[in-house]
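Colleague: Please take a close look at one part of this model for me. I would like the contact between the two protein chains, and then what they present to the DNA.

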There are 2 protein chains.
Amino acid sequence: MSNLKAVAEHSKVSIATVSRVINNDPKVSKVTVLKVQASISALEYKPNRVAQRLRSSKGKTKLLGLIIPDIQNPFFVDVVRGVEDYAYQHNFAVMIGNFGQDEKKEKLYLDIFQSENIDGLIVAPIHGKDKGIENLVKKDIPVVCIDRGLTEIDVDVVKVDNENGAFNAIDHLLSMGHKRIAFISGNFKIPTYIERLSGYKRALDKYGIAYDESLVFARNSDYKSGFEIANKILELENRPTAIFSGNNLLTLGALEAIHAKDINIPEEISIIGFDDMPWSISLNPPLTAVRQPGFDMGKKAAEMLYERMVDPSKKKEKVILKTELMIRKSTARIE
Amino acid sequence: MSNLKAVAEHSKVSIATVSRVINNDPKVSKVTVLKVQASISALEYKPNRVAQRLRSSKGKTKLLGLIIPDIQNPFFVDVVRGVEDYAYQHNFAVMIGNFGQDEKKEKLYLDIFQSENIDGLIVAPIHGKDKGIENLVKKDIPVVCIDRGLTEIDVDVVKVDNENGAFNAIDHLLSMGHKRIAFISGNFKIPTYIERLSGYKRALDKYGIAYDESLVFARNSDYKSGFEIANKILELENRPTAIFSGNNLLTLGALEAIHAKDINIPEEISIIGFDDMPWSISLNPPLTAVRQPGFDMGKKAAEMLYERMVDPSKKKEKVILKTELMIRKSTARIE
DNA sequence: CTGAAAGCGCTTACAG
DNA sequence: CTGAAAGCGCTTACAG
């Protein structure tokens with residue numbers, strides 16, 4: 001790789017001048033700019049971002065960290081795409097860390113990203129009291145939380161109204177006559193699930209149905225857990241007539257369990273999933289689901305991060321987007 | 001952030017010694033090591049990876065680039081997970097670039113990653129004559145191609161036997177009596193599709209059926225294209241009795257088109273997809289698909305990249321993994 | 001076993 | 001408008 005020095009020699013100016021040309025310093029004379037630019041393209045010079053970043057820790061080199069809980073979850077993939085979309089348009093590179101719901105791994109990525117001098121971070125905290133992220137915020141590193149916030153500290157966040165999303169789903173089920181509705185949840189350390197549970201309870205309340213703890217199952221938020229929990233539910237003696245599953249992967253896992261037992265949806269059991277998927281219509285049957293605008297969330301988060309980088313003293317902002325209940329064919333009315 | 005100097009002062013040694021401790025230089029005395037380590041933890045010192053990388057471009061800081069065509073495609077997500085799995089175990093950070101089938105974007109990521117001094121790159125080239133990647137290889141930057149190779153230059157690659165994968169799928173269809181099999185493909189610039197087409201042709205040959213070009217449709221490898229092409233196919237006057245779709249997303253899009261028209265699978269049309277998905281069993285009907293071991297491919301690629309970094313003069317290697325036809329319920333025998 | 005010094009490729013006051 | 005020089009946080013010969 002050619003470097004500043006090579007370009008400087010080629011165009012017979014100092015490296016300082018070359019640097020100025022690269023950074024569009026208006027003080028450089030037209031002639032010099034042209035000369036240097038010619039050398040730059042002749043030598044195919046590309047600035048070394050590592051050196052740039054080391055030198056000026058001021059967002060010059062545009063590196064953005066993105067830490068997500070599970071890249072297998074299509075919702076987070078949408079988030080990634082949204083972030084990337086904004087980043088690409090604004091010439092940021094994105095460094096992605098996928099911690100797979102593993103707290104140690106999340107911490108590792110937090111450390112690495114910091115050591116990489118990222119200009120800012122978008123992260124879905126593993127829980128509401130995430131010390132690692134709190135520290136970053138305290139150090140005034142721009143941080144935007146996505147999907148979940150932080151309880152102990154004021155921070156920018158983009159999330160969805162989980163409470164209402166869950167409420168609407170359960171309300172829909174209750175309105176169709178269901179009374180025993182199982183909830184397949186992820187770990188209740190994760191704020192989203194707490195909120196979804198409270199929406200579940202509020203809907204029950206509305207219909208005067210007592211909350212039955214034995215209908216709520218929390219494990220990891222992955223395919224396997226969805227499969228296993230659904231199996232358990234299907235074997236309950238007084239089997240619930242409907243399932244509300246807490247995320248994409250749990251839904252897909254539950255679906256496999258139901259199909260493996262040849263139980264018909266929605267005739268024998270209804271199911272609503274939190275998180276819609278592009279192919280929900282092609283599932284058996286077309287899945288009724290709570291849609292979250294993942295792409296928009298990612299994009300918005302990137303935008304807010306950028307604004308925070310530009311103005312670090314800006315008031316922290318909470319953006320709460322709406323969910324939408326996509327009614328398809330996985331729920332049926334019962335007596 | 002505290003730096004080397006702070007640690008040096010705290011433990012009353014030179015920064016050179018602190019650096020040696022960090023890098024496990026055996027020459028440092030036990031006493032000194034202990035003293036320095038105490039300071040390191042007291043100050044919560046974390047080496048600045050940017051500075052490390054700038055100083056020694058020898059894989060010390062362990063940063064790996066991963067460029068994939070489409071993060072929405074679950075197959076590539078598996079690849080990412082495989083790469084990450086290996087990387088995490090070997091203390092590499094992974095920088096991911098998703099180019100969304102956009103050649104300009106791929107080039108941009110190639111440039112950025114180079115400017116970031118990555119130690120090595122795993123990439124699925126957009127086509128076989130990708131100059132940008134060729135250049136990296138020529139500069140002796142460790143590169144492993146995944147899913148697709150390069151035609152003009154010798155390079156490490158991990159891929160799948162696409163020709164046989166497609167052959168088996170078509171053979172299965174032909175053995176069930178199908179004669180008009182449409183192929184929904186991605187762009188034929190992409191080597192995988194060329195190979196899949198040739199498997200398609202070889203199977204036809206085996207059954208003595210003439211290749212009919214009008215049954216082959218190539219566009220982008222995304223959901224929307226799958227949907228649109230399937231719509232076209234379904235409206236053909238002499239409608240094919242089966243569809244072979246070239247990737248995950250195309251399959252899902254095609255499925256939506258078929259369902260939207262209330263056409264029954266497999267009674268009215270059979271379909272086999274290239275790429276299996278965890279939730280194939282929950283599709284309507286359970287999808288017959290060609291399975292690629294994405295996770296293993298990613299893992300293997302990361303491993304090969306590591307070996308290449310350790311021994312740059314190592315002979316280039318081609319690893320070709322097998323596909324597996326997962327027979328479920330989306331195909332039926334016809335007269 | 002340890003330290004002083006050079007240098008990785010840049011940016012940015014400072015001086016002219 | 002331009003250049004010489006310091007410095008970002010490290011590593012690594014070189015010397016002792």
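Modeller: Between chain B and chain A there are 6 salt bridges. This is a predicted model, so please read every value as computed. One of the salt bridges pairs the side chains of Arg49(B) and Glu116(A), with N to O at 2.7 Å. Polar contacts add to the picture: 22 residue pairs link chain B and chain A in this way, counting pairs with both residues at pLDDT 80 or more.

Which elements of chain B carry its side of the contact? Two or more residues each come from H4, helix H5 (74-89), strand S2 (93-98), helix H6 (103-115) and helix H11 (248-260) of chain B. H6(B) gives the most to that side, with 8 residues. By class, the side of chain B that touches chain A holds 24 nonpolar, 11 polar and 13 charged residues.

Now the extent. Chain B puts 48 residues into the contact, and chain A puts in 48 residues. Together the two chains bury about 4,500 Å² between them. Carbon and sulfur atoms account for 61% of that area. On the chain B side, Val50(B), Tyr88(B) and Trp279(B) lose the most area to chain A. Those three residues together make up 14% of what that side buries.

Next, the DNA. H4 of chain B, which gives residues to the contact with chain A, also supplies at least two residues of the surface near DNA strand D. Helix H2 (15-22) of chain B does so too, as do helix H2 (15-22) and helix H4 (49-55) of chain A. H2(B) provides the largest share of this surface, 4 residues.

There are 27 residues around DNA strand D. Arg20(A), Thr32(A), Arg55(A), Ser19(B) and Arg55(B) come nearest. The surface near the strand divides into 10 nonpolar, 10 polar and 7 charged residues.

Which part of the strand faces the protein? Of the atoms of DNA strand D within 4 Å of the protein, 61% belong to sugar or phosphate. The rest belong to bases.

Chain B offers some phosphate contacts to inspect. A polar side-chain atom of Ser19(B) lies 2.4 Å from a phosphate oxygen of DNA strand D. Leu4(B) uses its backbone instead: an N or O atom there lies 2.9 Å from a phosphate oxygen of the strand. In Gln52(B), a side-chain N or O atom is 3.1 Å from a phosphate oxygen of DNA strand D.

How values were computed
Residues are numbered from 1 along each chain as its sequence is written. Chains are lettered from A and ligands numbered from 1 in the order in which they are written. This is a predicted model: local features need pLDDT of at least 70, side-chain atom pairs count only at pLDDT 80 or more; totals for chains, interfaces and linings use all residues. Side-chain values use heavy atoms; hydrogens and water are left out. A residue is near a molecule or strand if one of its heavy atoms lies within 4 Å of it. A polar contact is a pair of N or O atoms within 3.5 Å; within protein, one must be able to donate a hydrogen and the other to accept it, and residues adjacent in sequence count only if both atoms are side-chain atoms. Ala, Val, Leu, Ile, Met, Phe, Trp, Tyr, Cys and Pro count as nonpolar, Asp, Glu, Lys and Arg as charged, and the others, Gly among them, as polar. Contact means heavy atoms within 4.5 Å. Buried area is the accessible area (1.4 Å probe) that two parts lose on being put together, summed over both. A salt bridge is a side-chain nitrogen of Lys or Arg within 4 Å of a carboxyl oxygen of Asp or Glu.
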